[in-house]
Amino acid sequence: MLDFLFSGWGAFWMTLFMLVPFAAVFYYVIRRKSVVDPSPGATARAKISQIEVSWLGLVLVVFVGVNLASLKYMPTLATARAAAQGTAVQNVELTATSWAYDISSRRVEAGRPVRFSGRSSDTMHGFAVYHPDGRLLFTMMLMPGLAKPTSLIHTFDEPGTYKVRCLEYCGIAHHTMRDEIVVVAAAR
Ligand SMILES: [Cu+2]
């Protein structure tokens with residue numbers, strides 16, 4: 001059932017389904033103000049301002065709350081945390097060239113942080129890594145001509161074959177720019 005939601009049609013129907021409440025509220029308001037009672041509203045101005053301020057307050061609280069709660073998922077923070085812990089990091093160096101990657105190692109261990117250091121030798125490229133179930137784990141933007149590589153630390157939790165895709169449009173064969181990283185169980 002849940003797998004269906006992650007397919008193309010699943011996402012399509014889910015999006016349509018989420019629009020139903022909006023359509024219902026829209027229809028309700030239009031009907032109330034055009035058919036049931038088309039006369040000007042009797043609500044006092046002060047009351048309307050009060051509702052507007054409360055609504056703005058709610059939006060602000062939700063906006064700040066969601067941003068704060070999702071901070072820990074930001075790749076930059078995870079990178080800083082892993083770097084601060086100083087555990088043995090596995091280094092993977094990669095260079096993107098239209099339209100392939102040159103990767104120093106396509107095999108890393110699960111449970112140990114991996115530092116991906118990427119460069120581009122020609123134009124703007126991306127380096128995005130997907131979990132075997134299709135979730136996007138992170139993406140890096142690789143810009144040409146930088147003195148230092150772009151780097152990011154990620155710790156893979158599970159062994160498996162992780163797909164790599166370029167997510168920056170880089171020319172006619174951009175869609176063929178793909179690779180794989182194999183995550184193996186940690187050696188004990
Ligand atoms: Cu590309």
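In the predicted model, S117 is in contact with V92, E93, L94, P149, T150 and S151, its neighbours within four places in sequence being left aside. S117 is part of strand β4. With a relative accessible area of 9%, S117 falls under the 20% limit and is therefore buried. Its bridge partner in β7 is S151, a residue that also appears among the contacts of S117.

The burial of S117 fits the setting of the strand that holds it. Strand β4 covers residues 113-120, and six of its eight residues are buried, so the strand is largely enclosed by the rest of the structure. Strand β4 belongs to an open sheet of four strands, ordered β2-β1-β4-β7, in which the pairing is mixed. The edges of this sheet are formed by β2 and β7, each of which pairs on one side only. From one strand to the next, the twist averages 25°.

Both pairings of β4 can be described in terms of bridges. Strand β1, residues 90-97, runs parallel to β4 and is joined to it by seven bridges. In this pairing, Q90 stands opposite V114 of β4. Strand β7, residues 150-155, runs antiparallel to β4, and six bridges join the two. One of the bridge partners in β7 is L152, which is matched with F116; another is S151, matched with S117. Helix α4, residues 75-85, lies across β4 and β7 and runs at about 75° to β7.

A further open sheet contains five strands in the order β3-β9-β8-β5-β6, again with mixed pairing. Strands β3 (107-109) and β6 stand at its edges with a single partner strand each, so one side of each has no neighbour in the sheet. Neighbouring strands of the five-stranded sheet are turned against each other by 25° on average, direction ignored. Within this sheet, β8 and β9 run antiparallel and are joined by six bridges. K163 has E180 as its bridge partner in β9.

Strands from both sheets contribute to the largest nonpolar core. This core has 23 residues, of which Y101, F116, F127, F156 and I181 touch the most other members. At least two residues of the core come from each of β1, β2 (100-103), β4, β5 (125-130), β6 (136-142), β8 (160-165) and β9 (178-184). In soluble globular proteins, nonpolar side chains tend to be buried together. Among the core residues, F116 is also the bridge partner of L152 in β7. Y101, with residues up to four places away in sequence not counted, touches L94, T95, A96, R106, G126, F127, V164, R165, C166, M177, R178 and D179.

One of the residues touched by Y101, C166, is also a donor to the copper ion. The protein donors of this ion are C166 (SG), E168 (O), C170 (SG) and H174 (ND1), at 1.9 to 2.5 Å from it. Along the sequence, the spacing of the donor residues is C-x1-E-x1-C-x3-H. The two cysteines of the site, C166 and C170, are both buried. The angles subtended by the four donor atoms around the copper ion range from 82 to 123°. A tetrahedral arrangement would need all angles to lie between 85 and 135 degrees; the arrangement is irregular because of the angles of 82 to 123°.

Technical notes:
Residues are numbered from 1 along each chain as its sequence is written. This is a predicted model: local features need pLDDT of at least 70, side-chain atom pairs count only at pLDDT 80 or more; totals for chains, interfaces and linings use all residues. Side-chain values use heavy atoms; hydrogens and water are left out. Buried means under 20% relative accessible area, exposed over 50%, partly exposed in between (1.4 Å probe, protein chains only). Two strands pair if DSSP finds at least two bridges between them. Donors are N, O and S atoms within 2.8 Å of the metal (3.2 Å for Na, K and Ca); water is not among the atoms, so sites may look incomplete. Four donors count as tetrahedral if all angles lie between 85 and 135 degrees; four count as square planar and six as octahedral if opposite donors are over 155 degrees apart and all others between 65 and 115; anything else is irregular. A nonpolar core is a set of buried Ala, Val, Leu, Ile, Met, Phe, Trp, Tyr and Cys residues joined through side-chain atoms within 4.5 Å. Contact means heavy atoms within 4.5 Å. Axes are lines fitted to C-alpha atoms, for helices over the stretch in contact, and angles run from 0 to 180 degrees between N-to-C directions.
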